Amino acid sequence: MAQYRLEVQTIQRSAGRSAVAAAAYRSGDRLIDERLAMEFDFGSKGDIEFAAIMAPTDAPAAFGDRQTLWNAAEAADLAHHVGGRDDG
């Protein structure tokens, strides 16, 4: 019987963390964080067996690119907090 495991962690900018950096590390990829203007290169990380982006069929095609996806997520979260909203 196959087993499935999902682990979710919060990436807190207030703690100096970056969702783009975390995505680069977990995928063993090289990504540029547009907010921080920093490159995170984990291309030589050797223990990545599989990395994929699974998105709904109606998601923008550009979100198939990991760097675009995570920079957009960072920007949306920042806009949410700058707007003063706290409803989720």
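Helices and strands are here taken as DSSP runs, with at least four residues for a helix and at least two for a strand, numbered from the N terminus. On that basis, the protein chain of this predicted model has two helices and two strands. Read from the N terminus on, these elements follow the order α-β-β-α. The C-alpha atoms fill a box of roughly 45 × 30 × 25 Å along the principal axes. The chain holds 88 residues, of which 18% count as buried. Its accessible surface comes to about 6900 Å², and carbon and sulfur atoms account for 52% of that area. Among contacts between residues at least 6 apart in sequence, 31% join residues at least 24 apart.

A good place to begin is the segment before α1 (19-27), where Val8 is found. Val8 counts as exposed because its relative accessibility is 69%, the cut-off for this class being over 50%. Together with Tyr4 and Leu6, Val8 forms a nonpolar patch on the surface, and the accessible area of these residues is about 430 Å² together.

Helix α1 comes next. Seven of its nine residues are buried, so α1 is largely enclosed by the rest of the structure. The buried residues are Ala19, Val20, Ala21, Ala22, Ala23, Ala24 and Ser27. Their cover includes β1, β2 and α2. At the N-terminal end of α1, Ser18 acts as a cap, with a side-chain oxygen 3.2 Å from the backbone nitrogen of Val20. Just after the helix, Gly28 takes a positive phi of about 65 degrees.

Within α1, Ser27 deserves a closer look. Its relative accessible area is 11%, so Ser27 is classed as buried, given that the limit is under 20%. A polar atom of the Ser27 side chain lies 3.4 Å from the backbone oxygen of Ala24. Leaving aside neighbours within four places in sequence, Ser27 is in contact with Ile48, Ala51 and Arg66.

One of these partners, Ile48, sits in the loop between β2 (38-41) and α2 (66-82). Not counting residues up to four places away in sequence, Ile48 touches Tyr25, Arg26, Ser27 and Gly28. Ile48 counts as partly exposed because its relative accessibility is 27%, a value that belongs to the class between 20% and 50%. Ile48 and Glu34 are 14 residues apart along the chain, and their C-alpha atoms are separated by 24 Å.

The two strands can be described as a pair. β1 and β2 run antiparallel and are joined by four bridges. They form a hairpin with four residues between them, and in the turn Ala37 has a positive phi of about 55 degrees. Two of the bridge partnerships can be named: Asp33 is matched with Met38 of β2, and Ile32 with Glu39 of β2. The side chains alternate along β1 (residues 30-33). Leu31 and Asp33 point to one face and are buried, whereas Arg30 and Ile32 point to the other and are not.

Note on methods. Residues are numbered from 1 along each chain as its sequence is written. This is a predicted model: local features need pLDDT of at least 70, side-chain atom pairs count only at pLDDT 80 or more; totals for chains, interfaces and linings use all residues. Side-chain values use heavy atoms; hydrogens and water are left out. Buried means under 20% relative accessible area, exposed over 50%, partly exposed in between (1.4 Å probe, protein chains only). Contact means heavy atoms within 4.5 Å. Two strands pair if DSSP finds at least two bridges between them. Patches are made of residues with over 30% relative accessible area and no salt bridge: like charges are joined within 9 Å, nonpolar side chains (Val, Leu, Ile, Met, Phe, Trp, Tyr) within 5 Å. Accessible areas come from the Shrake-Rupley method with a 1.4 Å probe; for residues, only the protein chains shown count as cover. A salt bridge is a side-chain nitrogen of Lys or Arg within 4 Å of a carboxyl oxygen of Asp or Glu. A polar contact is a pair of N or O atoms within 3.5 Å; within protein, one must be able to donate a hydrogen and the other to accept it, and residues adjacent in sequence count only if both atoms are side-chain atoms.
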